[in-house]
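Me: I would like to learn how to read a protein model step by step. Could you take me through the one shown here?

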Amino acid sequence: MARGSDEPNPEDGKILSPEELDIADDEHVTEIDEDRYVVSPDVRTDDAYGNQVDSDATPEPQPEPEPATPEFTDANVHRWLAEQMADSNGRYGFDVTAKFDGNVDQQQLVSNDIVTVFESFMLWYGRQIDGSTAVEDVLGILLSESNVPVKFPPGSFKAMVRSTGLAPDDSIADLVEHVEERDGAEF
């Protein structure tokens with residue numbers, strides 16, 4: 001507009017009113033701070049993160065992603081069991097699933113005492129074999145029938161001989177007779 005002239009100059013364009021100068025309500029404008037704005041010609045920006053959102057599109061609700069269903073394979077189950085055992089608090093342990101005459105049973109134990117773990121496993125196994133026979137008899141039969149020779153420490157053998165009440169001058173035949181009368185020896 002030329003100075004002193006009351007006539008608008010067509011090259012200057014239209015004069016905007018104060019309401020037209022207020023851009024805060026425009027769909028293409030996002031206020032990022034007091035008197036600071038982001039203006040986009042085609043899209044509206046998300047004022048929280050500055051992500052651009054198409055001004056004409058209505059956001060479609062996103063379905064919740066379905067949790068991945070683990071595949072139950074032998075390898076995955078064994079890997080999971082191994083991880084559980086590795087993450088346990090004990091230094092020793094076992095996790096067994098076994099089948100006895102068609103019946104399946106499971107047992108798990110973790111401990112810092114290796115003897116407790118072994119003893120618990122042996123007792124559990126012996127109880128599964130035959131419910132009518134004493135566990136110590138079942139274990140003795142299994143060990144004697146197996147191809148694994150069991151070597152007992154000398155202290156165990158001495159304790160077994162002392163438990164018979166035999167004297168040093170008694171014979172090996174007396175020891176054998178005593179063991180037979182008791183239907184075995186306990187070590």
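**Reading the model**

Reply: Let us begin with a single residue, Thr116, whose place is in helix 3. Please keep in mind throughout that this is a predicted model.

Me: Is Thr116 buried, exposed or partly exposed?

Reply: The general idea is that a residue counts as buried under 20% relative accessible area, as exposed over 50%, and as partly exposed in between. Thr116 has a relative accessible area of 33%, and it is therefore partly exposed. You can also look for residues apart from it in the sequence: Gly93 is 23 residues away along the chain, and the C-alpha atoms of Thr116 and Gly93 are separated by 9.4 Å.

Me: How many helices and strands does the protein chain have, and which pattern do they follow?

Reply: The protein chain holds 6 helices and 6 strands, and when you read along the sequence their pattern is α-β-β-β-β-α-β-β-α-α-α-α. As for burial, 12% of the 187 residues of the protein chain count as buried.

Me: Which residues should I look at for backbone angles, and where do they lie?

Reply: Here one looks for a positive phi in a residue that is not a glycine. Asp101 is such a case, with a positive phi of about 50°, and it lies in the loop between strand 5 (92–100) and strand 6 (103–111). Asp183 is another, with a positive phi of about 60°, and it is found in the segment after helix 6.

Me: Are Asp101 and Asp183 buried or exposed?

Reply: Asp101 has a relative accessible area of 79%, so it is exposed. Asp183 counts as exposed because its relative accessibility is 71%.

Me: Which residues make the nonpolar surface patch?

Reply: To read such a patch, one asks which nonpolar side chains lie together at the surface. In this model Leu143, Val150, Phe152, Phe157 and Phe187 make a nonpolar surface patch of about 460 Å². Take Phe157 as an example: its place is in helix 5 (residues 154–163), and at 44% relative accessibility it counts as partly exposed.

Me: How much space lies in the largest pocket, and which residues are closest to its centre?

Reply: With a pocket, it helps to ask about its volume and then about its lining. The largest pocket holds about 1000 Å³ of space. It is lined by 27 residues, and those closest to its centre are Glu136, Gly140, Ala185, Glu186 and Phe187. The elements that give two or more residues to this lining are helix 3 (114–129), helix 4 (135–145), helix 5 and helix 6 (172–181).

Me: Which helix gives the largest share of that lining, and what classes of residue does the lining have?

Reply: Helix 4 gives the largest share, with 7 residues. Sorted by class, the lining of the largest pocket has 14 nonpolar, 6 polar and 7 charged residues.

Definitions and conventions
Residues are numbered from 1 along each chain as its sequence is written. This is a predicted model: local features need pLDDT of at least 70, side-chain atom pairs count only at pLDDT 80 or more; totals for chains, interfaces and linings use all residues. Side-chain values use heavy atoms; hydrogens and water are left out. Patches are made of residues with over 30% relative accessible area and no salt bridge: like charges are joined within 9 Å, nonpolar side chains (Val, Leu, Ile, Met, Phe, Trp, Tyr) within 5 Å. Accessible areas come from the Shrake-Rupley method with a 1.4 Å probe; for residues, only the protein chains shown count as cover. A salt bridge is a side-chain nitrogen of Lys or Arg within 4 Å of a carboxyl oxygen of Asp or Glu. Helices (H or I, at least four residues) and strands (E, at least two) are DSSP runs, numbered from the N terminus. Buried means under 20% relative accessible area, exposed over 50%, partly exposed in between (1.4 Å probe, protein chains only). On a 1 Å grid over the protein atoms alone, a cavity is a set of points where a 1.4 Å probe fits but cannot get out, and a pocket is an open set with protein on both sides within 12 Å along at least five of seven lines; lining residues have an atom within 4 Å of a point. Grid points are joined across faces, edges and corners, and a volume is the space filled by probe spheres set on the points. Ala, Val, Leu, Ile, Met, Phe, Trp, Tyr, Cys and Pro count as nonpolar, Asp, Glu, Lys and Arg as charged, and the others, Gly among them, as polar.
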